[in-house]
Amino acid sequence: MKVSINWLKDYINLDGISVDEIVDKITNAGLEVDEIIDGNKIYENFVVGYVTESGKHPNADKLSVCKVTDGNETYNVVCGAPNVAAGQKIAFAKVGAVIPGAGFKIKKAKIRGEESQGMICAEDELGLGDDHEGILVLDENLEPGTPLAEALGLNDVTLEVAITPNRADALSHIGIARDLAALFKREVKYPEINLIENENAIEDIAAVEIENEIDCPRYLAKVVQGVAITESPEWLKKKLTSIGLRPINNVVDVTNYVLHEVGQPLHGFDLDKLAGNKIVVKSAGDIKKFTTLDSKERELLPTDLMICDAEKPVAVAGVMGGENSEVTDETKNVLIESAYFRPSAIRKTAKHLGLQTDASYRFERGCNPDIVEYAAERAAQLIAELSGGTVVKGTIDVYPNEIKKKEISLRYKRVDKILGFEISNKEIKETFPKLGFKIVNETDEGFTVEVPLFRPDVEREIDLIEEVIRIYGFEKIPEVPKIEVALEAKTDAYSFADKTRETLTGFGFNEIITNSLWNKEIAEKFGNAIGVMNPQNVEMSHTRPSLLPGALSTIARNIKVKENNLRLFEIGRVFRKKSETIKTFDDFEETDELLIVLSGNASEKTWHSSERKFDFFDVKGLVSDFISAMFKIDLSDKNLIQVENEKYSSCFEIKVNGKSLGLMGKLDEEISGGFGILQDVFAIELNMEILRTVKKKNVRYGELLKYPKIVRDFAFLLDKSINVGEVEKEIKSSSSNLLKNIKLFDIFESDSIGKDKKSLAFELEYYDFNKTLTDEEVDKEFWKAIENIKTKFNAQLRG
């Protein structure tokens, strides 16, 4: 919502308070300022200019060459507008000015051979309207050189305030002023109503009937007779343009002005166009279509609330009026509508019509039923003053079931306990009258307030405490130097998932987050899906029983943009039915699962390697690396058990310490092909809840070796039939515990050593934890092993 600082000053004294202070205070109080628009900065280097001369351009038929003065200097300016003439006061953009309507900076330039030292601006170029037929001609009484922002009343600061849905009371200038009054300890000045009514009774001129009292609890009408529809005065047009509204005529502009002044939407009907001079508020029922003020035909639902006359609909209640009753230049008598509509009814109508207006925006958040009469009288007074009309005596106010105000008690000690520090009772008490709350009862322990109807968000004592700290200032909460808490075991529910993410991203995988809702056909293909009672649409009618459909749709979208090589994972919740009908929580299960998918190439073709696609061994290696990284457990083939699964063409169950962690394998081509994927997809599905229960293997670290190792190596010529393992076994059996490691580091086969022969070369590592070994001790062990191999395998030692 746009808020004009100059407009705010009509209701609260802001002397001595800077714009920065206002922004800081209301932002901290919950009304966040998104943008500050300073008119003086926008129109910097724009002044009132005076055209002293205007003549035809010598080299262009449609251009003029003008002399423009700002009171100090005269500038040569080339202008293309047909209405430029000597003696005019104009909006002159000097060199260096930035045109708001176009965003370009004015520079000295030559146009068809003539120098131009500025620009004479049109209305649209200044951002003041849509007119580009000619330049904007200003009041002849303006002094040349006057800053344009000052001359046009644009020297205002406008705030773009983000109003949260619960603060409908702040959707007006008086609403903002009310918060400022509480924050800066000042008073709000409400405009006075001084109606001068004629002798005609409103009951003889108009009538109001409410058929749907649920959706329209209150409807009030005022009538102004003898109006003349004209252009609004400058002060009113400036108010509206300061917040980005386009002036239309004096009647419509007044209703918009009052809307942004007090927050109550109003609508003006041409009374003479209302059949029977009657208003009937009812549901649309059999009314199928209606043409609104924007000349668009709207299709209605039977439940839409409509404003009708004695014969036909004339407005969509709380949203927009109709073409058939709008105020035009011929209008003489105006009926002013001021009503309170049920917020949810207006929200539903505006949503299905796809039509949000300033009125519906406020009605659907909840307006103030108490201000209905004040707003109507304020509008009637202004319309009468600006149109030459007279206000008809009396008011039609249909309010069958008056909305009662709530009363809530606040305890001083409760405030201190919730906030954790003390605010004086006097300061707590003074907060509420300035916010429009009435104190109806008071004791030493606290007081009771009557909550105004414009604050439906205040329902409990805790809401009153929120108002106290909001106005007191969050920035004033004292720092706590020390907090004492009992030491106890801390459980972080997210740490395991974070560790999983960290591990997989370290392996080069990208995390995805996919929708948990799918259509029935896809969801049931992957398990016992659960239907949603009120789905948003048919494509989101069932919860996912598996993470696979989300991953496959992601793979398919990536392949469409030529991203074929994918390593993805997702951690998410899945939902499965246990029985056909769900009656209790025991009839379904929801679990956290981890899905890892691989598709495409494991490695690309380069100068030193060939292209290789992902295969089962990549998946097996990934599972092994993942389990090792997470739990320090080494997997073997015994941990993988082949099983049948309709989603996989080959599938293995992963078991660790007797627990089934999940499945891994290659997805069936029918499953992946259903998403338009023509390349192999490998998947690993793990149950996060079971994974969390796997105990991490304790890693024991040994002491560093204090004494040096001695390494010996030898090579033997043996028959090809002799297994390496047999040789290693013989070396171990013929050696003492001084031999710690045996490593085969070379196998050589060639006709030069014999067709049935091979050479095996071993490295032997000796050391003792308690002393330094001597060469004699090692040589004794070493040669003993050599002799045993020579004897047992008829081997030859190669030298």
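Two strands pair if DSSP finds at least two bridges between them. Strands (E, at least two residues) and helices (H or I, at least four) are DSSP runs, numbered from the N terminus. The model is predicted: local features need pLDDT of at least 70, side-chain atom pairs count only at pLDDT 80 or more, and totals for chains, interfaces and linings use all residues. Residues are numbered from 1 along each chain as its sequence is written, and side-chain values use heavy atoms, with hydrogens and water left out.

**Exercise 1. Find the pairing partners of β13 and state how its faces are covered.**

Step 1. Locate the strand. β13 covers residues 218-225.

Step 2. Take β21 (residues 334-340). It runs antiparallel to β13, and 7 bridges join the two. V224 has V334 as its bridge partner in β21.

Step 3. Take β22 (residues 390-393). Its pairing with β13 is antiparallel, over 2 bridges. Here V224 stands opposite V391.

Step 4. Take β23 (residues 396-398). Again the strands run antiparallel, with 3 bridges to β13. L220 is matched with D397 of β23.

Step 5. Check burial. Buried means under 20% relative accessible area, exposed over 50%, partly exposed in between (1.4 Å probe, protein chains only). In β13, 8 of 8 residues are buried. One side carries R218, L220, K222 and V224; the other carries Y219, A221, V223 and Q225. Both faces are covered.

**Exercise 2. Describe the sheet that holds β1, and the helix on it.**

Step 1. Write the order. This open sheet of 3 strands reads β1-β10-β2, with antiparallel pairing.

Step 2. Name the edges. β1 (2-4) and β2 (32-38) each pair on one side only.

Step 3. Give the twist. Axes are lines fitted to C-alpha atoms, for helices over the stretch in contact; angles run from 0 to 180 degrees between N-to-C directions. Neighbouring strands of the sheet are turned by 25 degrees against each other on average, direction ignored.

Step 4. Count bridges. β2 and β10 (residues 157-162) are joined by 6. V33 stands opposite V161 in β10.

Step 5. Add the helix. α2 (residues 19-28) packs on the sheet and touches β2 and β10. Its direction makes about 160 degrees with that of β2.

**Exercise 3. Classify the crossing of α20 and α21, and place W783.**

Step 1. Get the geometry. The axes of α20 (residues 724-733) and α21 (residues 775-793) come within 9 Å and cross at roughly 135 degrees.

Step 2. Classify the angle. The crossing is therefore oblique. The classes are roughly parallel under 35 degrees, roughly antiparallel over 145, roughly perpendicular from 65 to 115, and oblique for the rest.

Step 3. List the contact (heavy atoms within 4.5 Å). α20 gives E726, V727, E730 and I731; α21 gives N788, I789, K792 and F793.

Step 4. Sort the contact residues. The split is 4 nonpolar, 1 polar and 3 charged. Ala, Val, Leu, Ile, Met, Phe, Trp, Tyr, Cys and Pro count as nonpolar; Asp, Glu, Lys and Arg as charged; the others, Gly among them, as polar.

Step 5. Place the tryptophan. W783 lies in α21. W783 counts as partly exposed because its relative accessibility is 43%. The C-alpha atoms of W783 and S735 are 9.9 Å apart, with their positions 48 residues apart along the chain.
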